[in-house]
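Open your viewer and keep the selection box handy. We will go from stop to stop, picking residues and looking at what surrounds them.

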Amino acid sequence: MCVGAAAPRIVAWVTDTSGADRTRIPAADLAELTRAYDIDGVLDRQHLADGLMNVNWRLDTRAGRFALKRVTDVPLDRLRRNLAVLPVLASYGVPACAPVSTVHGEVIAEVRGGVYCLFPWSSGEHVRGTDLSLAQTSELGAHLAGLHAALGRAVDETGLPAVPTLVTAEVTEAGRAVQKADRLAGAVSARGTGDSFDAAAGVALEERKILLDKHAHLRPEGDTPAGPHGWTHGDFQYRNLLWADGELVAVLDWDRLDVRPYAEEVVRTAQVQFGVEGVFDLERVSAFVSGYRSVVPLEPTALLDAARRLWWKRMTDFWQLEFHYDRDDHSCDDLFIADEALLHWWTERLDEVERVFGGAL
(Lines give C-alpha, C1' and ligand atoms only; values in the text may rest on other atoms or scores of the structure.)
Protein backbone atom coordinates (compact mmCIF):
# COMPACT_ATOMS: atom_id res chain seq x y z
CA MET A 1 0.00 0.00 0.00
CA CYS A 2 2.03 2.91 -1.22
CA VAL A 3 0.73 6.23 -0.02
CA GLY A 4 0.98 9.60 -1.67
CA ALA A 5 -0.85 12.79 -2.49
CA ALA A 6 -0.63 15.84 -4.68
CA ALA A 7 0.93 18.85 -3.03
CA PRO A 8 -2.29 20.91 -2.70
CA ARG A 9 -3.78 18.18 -0.52
CA ILE A 10 -1.00 18.37 2.08
CA VAL A 11 -1.55 20.41 5.22
CA ALA A 12 1.61 21.98 6.64
CA TRP A 13 3.10 20.71 9.88
CA VAL A 14 1.24 22.21 12.84
CA THR A 15 3.17 23.41 15.88
CA ASP A 16 0.22 23.57 18.29
CA THR A 17 1.02 21.36 21.26
CA SER A 18 -2.62 20.54 22.04
CA GLY A 19 -3.12 16.84 22.67
CA ALA A 20 -6.34 17.00 20.62
CA ASP A 21 -4.47 18.04 17.47
CA ARG A 22 -4.63 14.99 15.22
CA THR A 23 -2.20 16.48 12.72
CA ARG A 24 0.82 16.32 15.04
CA ILE A 25 3.23 13.45 15.60
CA PRO A 26 4.41 13.59 19.20
CA ALA A 27 8.16 14.24 19.17
CA ALA A 28 8.82 11.22 21.39
CA ASP A 29 6.84 8.98 19.03
CA LEU A 30 8.75 10.25 16.03
CA ALA A 31 12.10 9.64 17.70
CA GLU A 32 11.13 6.04 18.55
CA LEU A 33 9.76 5.44 15.05
CA THR A 34 12.98 6.52 13.35
CA ARG A 35 14.84 4.00 15.51
CA ALA A 36 12.23 1.27 14.99
CA TYR A 37 12.43 1.61 11.19
CA ASP A 38 16.15 2.45 11.12
CA ILE A 39 15.65 5.54 8.99
CA ASP A 40 17.91 8.57 9.15
CA GLY A 41 16.78 11.86 10.62
CA VAL A 42 13.49 13.35 9.51
CA LEU A 43 14.05 16.46 7.42
CA ASP A 44 10.40 17.40 7.00
CA ARG A 45 6.98 16.01 7.90
CA GLN A 46 3.60 17.07 6.60
CA HIS A 47 0.11 15.98 7.56
CA LEU A 48 -2.00 14.46 4.74
CA ALA A 49 -5.50 15.85 4.91
CA ASP A 50 -7.38 13.24 2.88
CA GLY A 51 -7.66 10.58 5.58
CA LEU A 52 -10.82 10.61 7.70
CA MET A 53 -10.48 7.82 10.26
CA ASN A 54 -6.74 7.28 10.63
CA VAL A 55 -3.99 9.92 10.44
CA ASN A 56 -1.27 10.06 7.78
CA TRP A 57 1.90 12.05 7.24
CA ARG A 58 4.54 12.41 4.58
CA LEU A 59 8.04 12.00 5.99
CA ASP A 60 11.09 13.28 4.14
CA THR A 61 14.16 11.61 5.59
CA ARG A 62 17.78 11.10 4.64
CA ALA A 63 16.78 7.53 3.75
CA GLY A 64 14.07 8.72 1.35
CA ARG A 65 10.42 9.70 1.37
CA PHE A 66 7.82 7.65 3.23
CA ALA A 67 4.20 7.73 4.29
CA LEU A 68 3.51 7.20 7.98
CA LYS A 69 0.10 6.10 9.15
CA ARG A 70 -1.26 6.09 12.69
CA VAL A 71 -4.02 3.50 12.90
CA THR A 72 -6.82 4.26 15.32
CA ASP A 73 -9.78 2.08 14.40
CA VAL A 74 -8.49 -1.39 13.44
CA PRO A 75 -7.74 -4.26 15.86
CA LEU A 76 -4.05 -5.24 15.82
CA ASP A 77 -4.61 -8.83 14.72
CA ARG A 78 -6.73 -7.70 11.78
CA LEU A 79 -4.24 -5.00 10.86
CA ARG A 80 -1.38 -7.52 10.74
CA ARG A 81 -3.52 -9.90 8.69
CA ASN A 82 -4.43 -7.23 6.17
CA LEU A 83 -0.90 -5.90 5.76
CA ALA A 84 0.38 -9.42 5.10
CA VAL A 85 -1.87 -9.62 2.03
CA LEU A 86 -0.32 -6.64 0.25
CA PRO A 87 2.96 -8.17 -1.01
CA VAL A 88 1.00 -11.05 -2.52
CA LEU A 89 -1.45 -8.72 -4.27
CA ALA A 90 1.44 -6.67 -5.62
CA SER A 91 2.95 -9.85 -7.08
CA TYR A 92 -0.35 -10.37 -8.92
CA GLY A 93 -0.17 -6.91 -10.46
CA VAL A 94 -2.54 -5.10 -8.11
CA PRO A 95 -1.18 -1.56 -7.48
CA ALA A 96 -0.51 -2.16 -3.79
CA CYS A 97 2.87 -2.33 -2.09
CA ALA A 98 4.15 -3.84 1.11
CA PRO A 99 4.72 -1.86 4.29
CA VAL A 100 8.23 -1.20 5.48
CA SER A 101 9.27 -3.65 8.24
CA THR A 102 10.77 -2.55 11.53
CA VAL A 103 14.26 -3.66 12.59
CA HIS A 104 12.51 -6.55 14.34
CA GLY A 105 10.67 -7.64 11.19
CA GLU A 106 7.26 -6.36 12.28
CA VAL A 107 4.79 -4.72 9.89
CA ILE A 108 3.53 -2.37 12.60
CA ALA A 109 5.27 -0.34 15.29
CA GLU A 110 3.62 0.12 18.67
CA VAL A 111 4.96 3.32 20.20
CA ARG A 112 3.76 4.86 23.45
CA GLY A 113 0.23 3.53 22.99
CA GLY A 114 0.07 4.45 19.31
CA VAL A 115 0.05 1.99 16.39
CA TYR A 116 1.94 3.02 13.26
CA CYS A 117 2.69 1.63 9.78
CA LEU A 118 5.31 2.95 7.37
CA PHE A 119 5.07 2.70 3.57
CA PRO A 120 7.15 3.71 0.58
CA TRP A 121 5.92 6.95 -0.94
CA SER A 122 3.98 6.92 -4.19
CA SER A 123 3.27 10.14 -6.05
CA GLY A 124 -0.18 10.69 -7.51
CA GLU A 125 -3.48 12.47 -7.14
CA HIS A 126 -6.81 11.61 -5.58
CA VAL A 127 -9.33 12.18 -8.38
CA ARG A 128 -13.04 12.56 -7.71
CA GLY A 129 -15.20 10.38 -9.90
CA THR A 130 -16.64 13.15 -12.01
CA ASP A 131 -13.11 14.27 -12.89
CA LEU A 132 -12.32 10.88 -14.44
CA SER A 133 -12.89 10.44 -18.14
CA LEU A 134 -15.42 7.82 -19.20
CA ALA A 135 -12.54 5.60 -20.31
CA GLN A 136 -10.86 5.96 -16.91
CA THR A 137 -14.18 5.29 -15.22
CA SER A 138 -14.59 2.03 -17.09
CA GLU A 139 -10.96 1.19 -16.30
CA LEU A 140 -11.64 1.78 -12.61
CA GLY A 141 -14.45 -0.77 -12.72
CA ALA A 142 -12.11 -3.28 -14.37
CA HIS A 143 -9.48 -2.58 -11.69
CA LEU A 144 -11.99 -3.35 -8.94
CA ALA A 145 -12.96 -6.60 -10.63
CA GLY A 146 -9.30 -7.55 -10.99
CA LEU A 147 -8.73 -6.75 -7.32
CA HIS A 148 -11.60 -9.03 -6.31
CA ALA A 149 -10.21 -11.82 -8.48
CA ALA A 150 -6.71 -11.34 -7.02
CA LEU A 151 -8.03 -11.51 -3.47
CA GLY A 152 -9.78 -14.75 -4.34
CA ARG A 153 -6.46 -16.19 -5.53
CA ALA A 154 -4.61 -14.87 -2.48
CA VAL A 155 -6.56 -16.78 0.17
CA ASP A 156 -4.32 -19.85 0.24
CA GLU A 157 -1.07 -17.94 -0.13
CA THR A 158 -1.73 -15.33 2.56
CA GLY A 159 -3.56 -17.29 5.23
CA LEU A 160 -6.77 -15.33 4.86
CA PRO A 161 -9.69 -17.33 6.26
CA ALA A 162 -11.70 -19.32 3.73
CA VAL A 163 -14.75 -17.56 2.35
CA PRO A 164 -17.89 -18.77 4.17
CA THR A 165 -20.66 -20.32 2.15
CA LEU A 166 -23.20 -17.74 3.34
CA VAL A 167 -22.95 -14.03 4.02
CA THR A 168 -25.75 -12.16 5.73
CA ALA A 169 -26.38 -8.45 6.26
CA GLU A 170 -28.86 -7.02 8.70
CA VAL A 171 -31.57 -4.87 7.15
CA THR A 172 -32.53 -2.22 9.70
CA GLU A 173 -36.22 -1.84 10.39
CA ALA A 174 -37.74 1.58 9.78
CA GLY A 175 -38.95 1.85 13.37
CA ARG A 176 -35.47 1.28 14.73
CA ALA A 177 -34.10 3.97 12.44
CA VAL A 178 -36.76 6.40 13.66
CA GLN A 179 -35.70 5.67 17.24
CA LYS A 180 -32.09 6.55 16.31
CA ALA A 181 -33.30 9.75 14.68
CA ASP A 182 -35.29 10.70 17.78
CA ARG A 183 -32.31 10.06 20.06
CA LEU A 184 -30.01 12.17 17.91
CA ALA A 185 -32.64 14.89 17.64
CA GLY A 186 -32.60 15.01 21.43
CA ALA A 187 -28.82 15.49 21.35
CA VAL A 188 -29.28 18.34 18.88
CA SER A 189 -31.94 19.97 21.05
CA ALA A 190 -29.65 19.72 24.07
CA ARG A 191 -27.27 22.12 22.32
CA GLY A 192 -29.83 24.91 22.57
CA THR A 193 -29.46 27.35 19.70
CA GLY A 194 -26.37 25.44 18.58
CA ASP A 195 -24.45 26.24 15.44
CA SER A 196 -25.12 25.90 11.71
CA PHE A 197 -24.38 22.16 11.75
CA ASP A 198 -26.82 21.60 14.61
CA ALA A 199 -29.48 23.46 12.66
CA ALA A 200 -28.85 21.40 9.52
CA ALA A 201 -28.81 18.14 11.49
CA GLY A 202 -32.09 18.95 13.22
CA VAL A 203 -33.84 19.63 9.92
CA ALA A 204 -32.30 16.56 8.30
CA LEU A 205 -33.44 14.26 11.11
CA GLU A 206 -37.03 15.44 10.83
CA GLU A 207 -36.95 15.04 7.05
CA ARG A 208 -35.42 11.59 7.37
CA LYS A 209 -38.29 10.43 9.58
CA ILE A 210 -40.72 11.57 6.91
CA LEU A 211 -38.79 9.62 4.26
CA LEU A 212 -38.74 6.51 6.43
CA ASP A 213 -42.49 6.65 6.95
CA LYS A 214 -43.16 7.19 3.25
CA HIS A 215 -40.80 4.51 1.92
CA ALA A 216 -40.79 1.82 4.61
CA HIS A 217 -42.55 -0.57 2.22
CA LEU A 218 -39.45 -0.52 -0.04
CA ARG A 219 -37.19 -2.01 2.64
CA PRO A 220 -35.16 -4.90 1.14
CA GLU A 221 -36.43 -8.34 1.98
CA GLY A 222 -34.30 -10.85 3.85
CA ASP A 223 -30.79 -10.62 5.21
CA THR A 224 -29.07 -12.65 2.47
CA PRO A 225 -27.78 -10.44 -0.36
CA ALA A 226 -27.99 -11.71 -3.93
CA GLY A 227 -24.98 -12.71 -5.97
CA PRO A 228 -21.49 -14.07 -5.21
CA HIS A 229 -19.33 -12.91 -2.34
CA GLY A 230 -15.67 -13.01 -1.37
CA TRP A 231 -12.79 -10.94 -0.04
CA THR A 232 -13.16 -7.23 -0.84
CA HIS A 233 -11.20 -4.04 -0.18
CA GLY A 234 -13.96 -2.40 1.84
CA ASP A 235 -13.29 1.25 0.98
CA PHE A 236 -12.41 1.40 -2.71
CA GLN A 237 -13.01 5.08 -3.53
CA TYR A 238 -11.17 8.23 -4.56
CA ARG A 239 -9.66 9.03 -1.16
CA ASN A 240 -7.86 5.69 -1.30
CA LEU A 241 -6.86 5.75 -4.97
CA LEU A 242 -3.92 7.52 -6.60
CA TRP A 243 -3.75 8.39 -10.30
CA ALA A 244 -0.72 9.53 -12.29
CA ASP A 245 -0.51 10.22 -16.03
CA GLY A 246 -4.08 8.99 -16.45
CA GLU A 247 -3.41 5.60 -14.84
CA LEU A 248 -4.37 4.13 -11.48
CA VAL A 249 -1.03 3.74 -9.68
CA ALA A 250 -1.93 2.89 -6.08
CA VAL A 251 -4.78 1.46 -4.04
CA LEU A 252 -4.51 2.62 -0.43
CA ASP A 253 -5.97 1.85 2.99
CA TRP A 254 -6.70 -1.86 3.27
CA ASP A 255 -7.97 -1.58 6.85
CA ARG A 256 -11.47 -2.80 5.97
CA LEU A 257 -10.47 -5.89 4.02
CA ASP A 258 -13.28 -8.38 4.62
CA VAL A 259 -15.72 -10.81 3.04
CA ARG A 260 -18.70 -9.09 1.41
CA PRO A 261 -20.96 -9.47 -1.63
CA TYR A 262 -19.01 -8.27 -4.66
CA ALA A 263 -22.01 -6.27 -5.84
CA GLU A 264 -22.08 -4.43 -2.52
CA GLU A 265 -18.58 -3.07 -3.09
CA VAL A 266 -19.36 -2.18 -6.71
CA VAL A 267 -22.42 -0.17 -5.71
CA ARG A 268 -20.79 1.47 -2.70
CA THR A 269 -17.78 2.54 -4.77
CA ALA A 270 -20.08 4.00 -7.40
CA GLN A 271 -22.00 5.91 -4.75
CA VAL A 272 -18.93 7.44 -3.10
CA GLN A 273 -17.07 7.99 -6.37
CA PHE A 274 -19.89 9.27 -8.57
CA GLY A 275 -22.41 10.65 -6.07
CA VAL A 276 -21.08 14.20 -6.13
CA GLU A 277 -22.72 17.44 -5.00
CA GLY A 278 -25.96 15.69 -4.15
CA VAL A 279 -26.51 13.84 -7.45
CA PHE A 280 -25.36 10.67 -9.17
CA ASP A 281 -23.40 11.00 -12.39
CA LEU A 282 -25.39 8.17 -13.93
CA GLU A 283 -23.35 8.06 -17.13
CA ARG A 284 -20.23 7.31 -15.11
CA VAL A 285 -22.06 4.86 -12.86
CA SER A 286 -23.00 2.96 -16.02
CA ALA A 287 -19.44 3.05 -17.38
CA PHE A 288 -18.00 1.90 -14.04
CA VAL A 289 -20.42 -1.02 -13.72
CA SER A 290 -19.82 -2.02 -17.35
CA GLY A 291 -16.05 -1.94 -16.75
CA TYR A 292 -16.43 -4.24 -13.78
CA ARG A 293 -18.70 -6.66 -15.63
CA SER A 294 -16.26 -6.82 -18.54
CA VAL A 295 -13.94 -8.70 -16.16
CA VAL A 296 -16.33 -10.30 -13.65
CA PRO A 297 -19.82 -10.94 -15.12
CA LEU A 298 -21.99 -10.01 -12.14
CA GLU A 299 -25.66 -10.62 -12.82
CA PRO A 300 -27.92 -7.54 -12.99
CA THR A 301 -30.09 -9.05 -10.25
CA ALA A 302 -27.14 -8.94 -7.82
CA LEU A 303 -26.41 -5.31 -8.67
CA LEU A 304 -30.06 -4.32 -8.36
CA ASP A 305 -30.28 -6.02 -4.98
CA ALA A 306 -27.07 -4.33 -3.82
CA ALA A 307 -28.29 -0.92 -4.98
CA ARG A 308 -31.56 -1.27 -3.07
CA ARG A 309 -29.74 -2.48 0.05
CA LEU A 310 -27.26 0.40 -0.01
CA TRP A 311 -30.04 2.94 -0.52
CA TRP A 312 -31.88 1.53 2.48
CA LYS A 313 -28.68 1.47 4.54
CA ARG A 314 -28.17 5.15 3.80
CA MET A 315 -31.81 5.77 4.65
CA THR A 316 -31.50 4.13 8.09
CA ASP A 317 -27.93 5.04 9.04
CA PHE A 318 -26.74 8.10 10.96
CA TRP A 319 -23.10 7.23 11.57
CA GLN A 320 -21.72 10.73 10.87
CA LEU A 321 -24.15 12.21 13.41
CA GLU A 322 -23.19 9.52 15.90
CA PHE A 323 -19.55 10.54 15.44
CA HIS A 324 -20.49 14.19 15.95
CA TYR A 325 -22.80 13.91 18.95
CA ASP A 326 -21.68 10.68 20.65
CA ARG A 327 -17.91 10.96 20.14
CA ASP A 328 -17.51 14.72 19.68
CA ASP A 329 -15.68 13.84 16.45
CA HIS A 330 -16.50 16.37 13.74
CA SER A 331 -14.17 14.97 11.06
CA CYS A 332 -17.05 13.56 9.00
CA ASP A 333 -19.52 16.44 9.25
CA ASP A 334 -19.12 17.37 5.58
CA LEU A 335 -19.90 13.80 4.58
CA PHE A 336 -23.24 13.96 6.36
CA ILE A 337 -24.32 17.11 4.53
CA ALA A 338 -23.29 15.69 1.13
CA ASP A 339 -24.77 12.23 1.76
CA GLU A 340 -28.05 13.69 2.96
CA ALA A 341 -28.46 15.66 -0.26
CA LEU A 342 -27.66 12.59 -2.34
CA LEU A 343 -30.11 10.44 -0.36
CA HIS A 344 -33.00 12.76 -1.22
CA TRP A 345 -32.01 12.91 -4.89
CA TRP A 346 -31.58 9.12 -5.00
CA THR A 347 -34.93 8.47 -3.30
CA GLU A 348 -36.79 10.66 -5.78
CA ARG A 349 -35.21 8.71 -8.67
CA LEU A 350 -34.94 5.26 -7.11
CA ASP A 351 -36.18 3.36 -10.16
CA GLU A 352 -33.94 5.31 -12.55
CA VAL A 353 -30.82 4.73 -10.43
CA GLU A 354 -31.53 1.03 -10.08
CA ARG A 355 -32.08 0.66 -13.82
CA VAL A 356 -28.60 2.12 -14.39
CA PHE A 357 -27.00 -0.27 -11.91
CA GLY A 358 -28.80 -3.08 -13.68
CA GLY A 359 -27.29 -2.06 -17.02
CA ALA A 360 -30.24 -0.22 -18.59
CA LEU A 361 -28.43 3.04 -19.47
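## Stop 1: the end of a helix

Select Thr158 and Leu160 to begin: a polar atom of the Thr158 side chain sits 3.4 Å from the backbone nitrogen of Leu160. Keep in mind as you look that this is a predicted model. Now add Ala154, whose backbone oxygen is 2.7 Å from a polar atom of that Thr158 side chain. Thr158 belongs to helix H3, which covers residues 134-158.

Is Thr158 buried or exposed? Its relative accessible area is 19%, and because the cut-off for buried is under 20%, Thr158 counts as buried. To see what it touches, show Ala84, Val85 and Val88: Thr158 is in contact with these three once its neighbours within four places in sequence are set aside.

## Stop 2: how far to trust the picture

Colour the chain by pLDDT. The mean over the chain is 90, and 92% of the residues reach 70 or more. Then select residues 3-20, where pLDDT stays under 50. The model has 43 contacts beyond four places in sequence for this stretch, so treat these with the low pLDDT in mind, because pLDDT is the predictor's confidence in each residue.

## Stop 3: the nonpolar cores

Select Leu89, Leu140, Trp254 and Leu321. These are the residues with the most contacts inside the largest nonpolar core, which has 81 residues. A further core of 15 residues lies apart from that one; to find it, select Leu33, Val55, Leu68 and Tyr116, which are among its members.

## Stop 4: the cysteines

Next, show the cysteine sulfurs. How many disulfides does the structure hold? The count is zero. A disulfide is a covalent bond between the sulfur atoms of two cysteines.

Start a distance at the sulfur of Cys117: the closest cysteine sulfur, in Cys97, is 12 Å away, which is too far for a bond. Cys117 is buried, at a relative accessible area of 1%. Move on to Cys332, whose closest cysteine sulfur is the one in Cys117, 20 Å away and again too far for a bond. Cys332 is buried as well, with 1% relative accessibility.

## Stop 5: salt bridges

Side chains of opposite charge can pair when their charged atoms come close. The structure holds 20 salt bridges, and a few of them make good selections.

Begin with Asp255 and Lys69, whose side chains form a salt bridge at 3.0 Å, N to O. Asp255 is in the loop between strand E9 (247-251) and strand E10 (258-261), while Lys69 is in strand E4 (residues 64-71), so this pair ties together parts that are 186 residues apart in sequence. Both partners are buried.

Now centre on Arg80. One salt bridge joins Arg80 to Glu106, with 4.0 Å between the closest N and O atoms. Arg80 is in helix H2 (residues 76-91) and Glu106 in the loop between H2 and strand E5 (109-111), so the pair ties together parts 26 residues apart in sequence. Arg80 is partly exposed at 31% relative accessibility, and Glu106 is partly exposed at 36%.

Keep Arg80 selected and add Glu110: their side chains meet in a salt bridge at 3.4 Å, N to O. This pair links distant parts of the chain, with Glu110 in strand E5 and Arg80 in helix H2, 30 residues apart. Glu110 has 52% relative accessibility and counts as exposed.

## Stop 6: a network around Arg58

Select Arg58, Asp60 and Arg65, which are linked in a network of salt bridges. Arg58 is in strand E3 (residues 55-61) and is buried, at 12% relative accessibility. Show its polar contacts too: the Arg58 side chain makes one with the side chain of Gln46 at 2.5 Å, and one with the side chain of Asp60 at 3.4 Å.

## Stop 7: two aspartates with positive phi

For the last stop, switch to backbone torsions. Asp38 is not a glycine, yet it has a positive phi of about 55 degrees. You will find Asp38 in the loop between helix H1 (27-36) and strand E2 (42-48), exposed at 62% relative accessibility.

Then jump to Asp328, another non-glycine with a positive phi of about 55 degrees. Its loop runs between helix H9 (319-326) and helix H10 (333-348), and Asp328 is exposed at 57% relative accessibility.

Conventions. Residues numbered from 1 in each chain as written. Predicted model: local features only at pLDDT ≥ 70, side-chain atom pairs only at ≥ 80, totals over all residues. Heavy atoms only, no water. Helix = DSSP H or I, 4+ residues; strand = E, 2+ residues; numbered from the N terminus. Buried < 20%, exposed > 50% of the residue type's maximum accessible area, 1.4 Å probe, protein only. Polar contact = N/O pair within 3.5 Å; in protein donor to acceptor, adjacent residues only side chain to side chain. Contact = heavy atoms within 4.5 Å. Disulfide = S-S within 2.5 Å. Core = buried A, V, L, I, M, F, W, Y, C linked by side-chain atoms within 4.5 Å. pLDDT = per-residue confidence, 0-100.
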